[in-house]
Amino acid sequence: MKEMRREPATHSKKHKKNVEPPGGTGVNRRTALKLGAAAGAATILTSRKGFATDFIGAQSAAAAAATPPPPEPIPCTPQPTHSPETTPFVQPLPIPPVAFPQFTLSPAPTLSANIAGGEAARADHQRWTQFLPHIYYDFHLKPALHQFHPDIPPTYIWGYNGIYPGPTILNLYNLPILVRFHNELPVTHDDTVNFGDNNHTTHLHNSHSASESDGFAGDFWAPGLFKDHHYPNILAGFDTHPPLGDIRERLSTLWYHDHRHSFTATNNYRGLNGMYFLYDFIDTPFEGFGPFAKTATTTSSGPARPDWETNLMQTLLKTEGATTDSLGTTVASAAANFDTNAKSAFPPLFLPGPYGVYDIPLNFTDKKFCPDGQMFATVPDAVPAGDKFCVNGAIQPFFQVKRRKYRFRMLNSGPARIWTFSLLDNGGGVQPMTVVCTDGNLLTAPIPVTSLQVFVSSRFDVIVDFSKTNIGDHWYLTNIAPQFTQNAPEPNPAPGVDINTVVMRFDIVGDAPDNSQVPAHLIDYPDLNLSEVVTTRIWNFDLFGGQFHVNDLIFDADRADAVVKQGTAETWIIRNRLPAAGWVHPVHIHLEEGRVLSRNGVAPGLTDLESGRRDVYPLLGGDEVHIYLRFREWFGKYMIHCHNLGHEDNFMLVRWDVGTTTSLVTSPFKDPAGTIPNTPGAGPGDPADPDHGAQPNPNPPILTEDIFREDRFKPRKAAKKGVVA
Ligand SMILES: [Cu+2]
């Protein structure tokens, strides 16, 4: 199992993959790949005109639907040891288009699943009438061809609206929306020949949404059906902070992706993911009072906050002749539902924007290609470690920037690589990046870094300041481990910059006004209330018998391993039971943002990125992380799982439920006889691991008030008035 290790910090050009799931475990559900003749099935070049660098590069569902789907390719044989050669920096960074909203859907969305109308089964929408959606999105999941690089023939993908990455949804807090996901993947699909599965479910990570819209891994639906997901875009704690929720619970950088159990890795590898940004009066889509704050006004006390809600919504919702949304509400007022008290307490930050211009999504993945341009799986259903770095679906792109600040929203969309980014200048010198958001949550204060480790599904929003560069300069975003290009040696672009480590290049091409700022104080965090904590649970992430386990069990969609009570708080201890050199597990917890109280007994430091609110908690071998969580507003089934996509597909995934106040009964599992083995070699009934099935730990660690001292997490209030950039 020597390949089962985290990515080494090696600069070997022959860097090996680290993502093969363990073999012989029932993991690779097919025994053989029927190898067909190599064929150039993909010959049509799809247009990328939907990608625009303007704010509104909106791509309508109708336009997406107009392209006939290509046939599934025949897998190449023999499988190549490496991808074709590609020349660096010959294509611009694609910016995913903004998803096009609409005011009607046919058939109209309904509280209960519209089975007769073609909707897949689901529970009724919770709080439907309380949060009736104002606008809709119509997403069609379908095959398409995508060009990752001009040197590689077009690649057969599955994409939301037929594009990869999928369209970016831009929205506002307190503006409920609904997304209809049509499964238009191939009706006949043999996953023993072509990887991926045509059944699908979408998770919006880490939306505070009802269970039936959370994309539960077992609730996938078949081609020909659609399902409506209701995203109220409300703040966690909405019920206890009337009327509009606790603004300190906000998060802004989310992403949506396939979550179909056992095929999440392959379906995401095919291309089924995209991003979703939420704005509000703190984190505005437009910066300052400059050219993008078109309706800013001036008062006697200085410039007023621009009416950016109106601006955004009118831009987003611009539809011929329409002035009202799906509820008949005028477009402008639909977004005006913000708490005026909170508005006065938290002025707008004016981070760089708008989307696609100075607010830039960066969706990182690695892929491997056959000579005919097709992706392949080394064995059916097992995703290979890619040897091509892709950003927004382009291999080693360049991005033209002006001498000013940019916000880059970094997402590791998997399947398994751990990225460790650095930013290098012309001379190979390391340049700083300023982290402002962890997993989409504003930090209390910006944290400058010179390298940034991004585990699968984690997001980091960083500000990069190009203002002191020279026009004509190049900067480079590098990864600590090189891609395996097998190219004829490319010249290194600058001293100390190994071309094989370069993920993308920034070209400084000119000047532009900069109305953005990076305040020294960004936001306060919600109080951690010890009195709400009702229990502590332990989740042991383990590998034994060649199989991943959580608390000695493998995933079963019909079994809830914990039932929490709505409205309460708990502390969860997540552990990686493997030794230090073992697998890394980036653990993700659905529904709620968490706060790391300690890692291996040590509380996060003031400049530790783990002091930020998180929804992904990386566990290195032997790690133990103690997290504070609350469970609010919604009922039903959710998940905790490793977000290494190969690991979650291999059953390192657990269902837990939020019970109603009247019933906590679902199907909790316990192993009363203690007969289920624990750590490798420990045998059954390991006394150090008594909590089979994640029942409440009978001997929870003693928590002290000190752990919950809120001031530990907001130490920088003194700097509130300053601006760091
Ligand atoms: Cu894992």
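This passage describes the confidence, overall make-up and selected strand pairings of a predicted model.

The protein contains 5 helices and 33 strands. Of its 725 residues, 54% are buried. When contacts between residues at least 6 apart in sequence are considered, 78% of them join residues at least 24 apart.

Across the protein the mean pLDDT is 78, with 73% of residues reaching 70 or more. Residues 289-309 have a pLDDT below 50, and this stretch makes 37 contacts in the model beyond near neighbours in sequence. The pLDDT is likewise under 50 over residues 661-721. For residues 661-721, the model has 96 contacts beyond four places in sequence.

One open sheet is built from 4 strands in the order β2-β1-β4-β6, and its pairing is mixed. The edges of this sheet are taken by β2 (155-160) and β6 (226-231); each has a single partner strand, so one side of each is left without a neighbour in the sheet. On average, and with direction ignored, neighbouring strands of the sheet are turned by 20° against each other. Within the sheet, the pairing of strand β1 (residues 135-146) with β2 is antiparallel and extends over 6 bridges. In this pair, A144 lies opposite I157 of β2.

A further set of pairings involves strand β18, which spans residues 433-438. This strand is mostly covered, as 5 of its 6 residues are buried. Strand β18 is joined by 5 bridges to strand β19 (residues 441-449), and the two run antiparallel. Across this pairing, M433 stands opposite V449 in β19. The two strands, β18 and β19, form a hairpin in which 2 residues lie between them. In the turn of the hairpin, D439 has a positive phi of about 50°.

Strand β18 is also connected to strand β21 (residues 459-465), again in the antiparallel sense, through 4 bridges. Here T434 has I463 of β21 as its bridge partner. Strand β18 is thus described by its pairing with β19 and by its pairing with β21.

Note on methods
Residues are numbered from 1 along each chain as its sequence is written. This is a predicted model: local features need pLDDT of at least 70, side-chain atom pairs count only at pLDDT 80 or more; totals for chains, interfaces and linings use all residues. Two strands pair if DSSP finds at least two bridges between them. Axes are lines fitted to C-alpha atoms, for helices over the stretch in contact, and angles run from 0 to 180 degrees between N-to-C directions. pLDDT is the predictor's confidence in each residue, from 0 to 100. Two residues are in contact if their C-beta atoms, placed from the backbone, lie within 7 Å. A residue is buried if 20 or more other C-beta atoms lie within 10 Å of its own, exposed if 12 or fewer, and partly exposed in between; C-beta atoms are placed from the backbone.
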